[in-house]
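Colleague: I would like a close look at a single part of this model. Please take one helix, say what it packs against, and then follow the packing outward.

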Amino acid sequence: MKRSTRNRLFEEKQHLINQVMNRRHSLIEAYNLCREDVRQELALGMLRALDAYDPARCPNLDAYLVQRLNYELL
């Protein structure tokens, strides 16, 4: 995937980071994690996930990213 495409997709799908953080709020609080640090780690994880994305294996990009972000958080 070209860098410009990856960056555009990252901007479009960045809301998924907040979605995962909101769903896993109790986990973040239980481990006393800094929300900004978690957000940065998930952003890096999303960039790695976009680099590895293969639409032939998983046609639903949102589902793929949410799954990878949840894995990254855990």
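Modeller: What follows starts at one helix and works out through the core to the loops. Keep in mind that the model is predicted.

Take helix α2, residues 15–23. Which of its residues are buried? They are L16, I17, V20 and M21. Viewed down the axis of α2, these buried residues fall within an arc of 140°, so they line one face of the helix. The other side of α2 carries N22 and R23, which are exposed. The helix therefore has a buried face within that 140° arc, with exposed residues on the other side.

What does the buried face meet? The buried residues of α2 pack against four helices: α1 (3–13), α3 (25–30), α4 (35–52) and α5 (61–73).

One residue of α2 leads straight into the core. I17 is buried, and it belongs to the largest nonpolar core, a set of 20 residues. Within that core, the residues that touch the most other members are I17, L42, M46, L50, L61, L65 and L69. Helices α1, α2, α4 and α5 each supply at least two residues of this core.

Now take L50, another of those well-connected members. Leaving out residues up to four places away in sequence, L50 touches M1, R6, L9, F10, L61 and L65. Two of these partners, L61 and L65, are also on the list of residues with the most core contacts.

R6 is a partner of L50 to look at separately. It sits in helix α1. Its relative accessible area is 15%, so R6 is buried: the cut-off is under 20%. Beyond its neighbours within four places in sequence, R6 is in contact with M1, L47, L50 and D51.

Helix α1 also holds K13. Is K13 buried or exposed? Its relative accessibility is 17%, so K13 counts as buried. Its side chain makes a polar contact of 2.8 Å with the side chain of D62. Setting aside residues up to four places away in sequence, K13 touches M46, L61, D62 and L65. Of these, M46, L61 and L65 are among the core members that touch the most others. So much for the charged side chains.

Next, the aromatic rings. The structure holds one aromatic pair. The partners are Y53 and Y64, with ring centres 5.2 Å apart and planes at 50°, so the pair is tilted. Y53 lies in the loop between α4 and α5, and Y64 lies in helix α5, so the pair ties together parts that are 11 residues apart in sequence. Both Y53 and Y64 are buried.

The loop between α3 and α4 deserves a stop too. N32 is placed there. Its phi is near 55°, a positive value in a residue other than glycine. With a relative accessible area of 71%, N32 is exposed.

Last, the cysteines. How many disulfides does a search of the whole structure find? It finds zero. C34 has a relative accessibility of 42% and counts as partly exposed. C58 is partly exposed as well, with a relative accessible area of 23%.

To return to the start: α2 turns L16, I17, V20 and M21 inward as its buried residues, and these pack against α1, α3, α4 and α5.

Notes. Residues are numbered from 1 along each chain as its sequence is written. This is a predicted model: local features need pLDDT of at least 70, side-chain atom pairs count only at pLDDT 80 or more; totals for chains, interfaces and linings use all residues. Side-chain values use heavy atoms; hydrogens and water are left out. Buried means under 20% relative accessible area, exposed over 50%, partly exposed in between (1.4 Å probe, protein chains only). The arc is that of the directions from the helix axis to the C-beta atoms. Contact means heavy atoms within 4.5 Å. A disulfide is a pair of cysteine sulfur atoms within 2.5 Å. A nonpolar core is a set of buried Ala, Val, Leu, Ile, Met, Phe, Trp, Tyr and Cys residues joined through side-chain atoms within 4.5 Å. A polar contact is a pair of N or O atoms within 3.5 Å; within protein, one must be able to donate a hydrogen and the other to accept it, and residues adjacent in sequence count only if both atoms are side-chain atoms. Rings of Phe, Tyr and Trp (its six-membered ring) pair if their centres lie within 6.5 Å; planes under 30 degrees apart count as stacked, over 60 as edge-to-face and the rest as tilted.
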